[in-house]
Amino acid sequence: MILLLHPNTDKKSDDYQSLLNKLSQLSDVQTRVHDVEGTEQTLTEIYLLGNTSALLLNEMQDYPCVERVIRISDEYRILGRHDDEHRASSFEYNGVKFGQDTLNVFAGLCAVDNPEHVELMMKALQANDQVCTRMGAYKPRTNPYSFQGQGKDCLPWVFELAGKYGIKVVAMEITHEAHVDEINDALEKTGHPTGVMLQIGTRNTQNFELLKSVGQQTTHPVLLKRGFGITLEESINAAEYIASEGNQNVIFALRGMKTNMGDPHRNFVDFAHVPVVKRLTRMPVCIDPSHSVGTREAAPDGLLDVMHVTAQGIIAGANMVLVDFHPAPAKALVDGPQALLMEELPLFLSDVKIARDAYLKRCELMNEFKNKS
Ligand code: PEP
Ligand code: MN
């Protein structure tokens, strides 16, 4: 059961204290208090875990500080939607809104290589009104002898360049909890020129200790990639690990499943699950067309497969796109063959807009239909 308190409920008030007092007397029920900090208000949610079946909704509702009571199923207790349309499904980070009703594009380098390429990327993003990017500094590689990423040494200049070109959020994969400290140190030393969204890659979707550590910090939102060989339910439970530790600012990314059934694509594109994740949870849903498709092949219509699957995800309501670009793909140290070219950025963004407009029109059409019937 979740008790949603009125916005800005004072924790010192008699109402709040008498509610806590009542809850502490319940046997077999544990309480966890989560504060959701927004720009204008703080929302407090109290999770009642354990044997809550005997608790009466009305009794809980009668406490003056309680706005609403939701009875939740066992699954996805915090991130689950629980058939409730009104629960918050968005958050703001460094001035950028992420929600189930927004769309943010994170075009950037799969792997940071040198300042020249990073600057060319950032410059192109600014010229195209973009405030988010992806930049890989820690790369989990199949082969131990492959380039492992520039690591912490590149962080100061990557963040400074991001700030110089007005980038507000950099999505950056981490593979170890120590990387969060390294990122925080670099942000501190450079005076916080940008923000960082911590990315958990598909190889770490069920690295539970890593999930717990990014869940215990609330400075950075987390982008969790779906595990490439596990069920959707298992991956959503991985997201719930993060939320259960205290950080509810989680975005769920679809990046294709590893199976030969997807050949000749690198992974089997799973963007049909965009609406499913939005229905089951309150998380914004990201698509990664680059790691799904893995090539620059194009259809006879001239459109690259990467662009086609991007449009498919967006027309189904995706909220974020993580996409690889590179100023000189032949020189890229990781995933050059799937990177889009700098001159393709305006084309890609225009195509994204067409798909987004089509999605919004489809929603309107459905609303008209519902209002008539
Ligand atoms: C990446 O985004 O660079 C990446 C390694 O993706 P994934 O974890 O989906 O393979
Ligand atoms: Mn990659």
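This is a walk through one protein structure, from its metal site to its open spaces and a few unusual backbone spots. The model is predicted, so local features need pLDDT of at least 70 and side-chain atom pairs count only at pLDDT 80 or more, while totals for chains, interfaces and linings use all residues. Residues are numbered from 1 along each chain as its sequence is written, chains are lettered from A and ligands numbered from 1 in the order in which they are written, and side-chain values use heavy atoms, with hydrogens and water left out.

Let us begin at the metal. The manganese ion (ligand 2) has Cys110 (SG), His291 (NE2) and Asp335 (OD) as its protein donors, at 1.9 to 2.3 Å. Donors here are N, O and S atoms within 2.8 Å of the metal (3.2 Å for Na, K and Ca), and water is not among the atoms, so sites may look incomplete. Along the chain, the donors follow the spacing C-x180-H-x43-D. His291 sits in helix α9 (residues 289-293) and Asp335 in the loop between β14 (320-326) and β15 (340-341), so this pair, 44 residues apart, links distant parts of the chain. Helices (H or I, at least four residues) and strands (E, at least two) are DSSP runs, numbered from the N terminus. Are His291 and Asp335 buried or exposed? Both are buried, where buried means under 20% relative accessible area, exposed over 50%, and partly exposed in between (1.4 Å probe, protein chains only).

Next, look at the aromatic rings. The whole structure holds 4 aromatic pairs. One of them joins Phe98 and Phe106 in a tilted arrangement, 6.1 Å centre to centre with 45° between the planes. Rings of Phe, Tyr and Trp (its six-membered ring) pair if their centres lie within 6.5 Å; planes under 30 degrees apart count as stacked, over 60 as edge-to-face and the rest as tilted. Phe98 counts as buried because its relative accessibility is 1%, and Phe106 counts as buried because its value is 0%. Together with Phe91, these two residues form one aromatic cluster.

Phe91 turns up again at the largest pocket, which holds about 640 Å³ of space. Of its 20 lining residues, the closest to the centre are Val36, Glu37, Gly38, Phe91 and Glu92. Strand β5 gives the most to this lining, with 4 residues. There are also 2 cavities of 30 Å³ or more, and the largest has a volume of about 150 Å³. Two elements, β3 (42-50) and β5 (90-93), give two or more residues to the lining of that largest cavity. On a 1 Å grid over the protein atoms alone, a cavity is a set of points where a 1.4 Å probe fits but cannot get out, and a pocket is an open set with protein on both sides within 12 Å along at least five of seven lines; lining residues have an atom within 4 Å of a point. Grid points are joined across faces, edges and corners, and a volume is the space filled by probe spheres set on the points.

Finally, follow the backbone. Most residues other than glycine have a negative phi, and most peptide bonds are trans. Asn94, in the loop between β5 and β6 (96-99), has a positive phi of about 50°. The peptide bond from Asp263 to Pro264 is cis, with omega near 5°.
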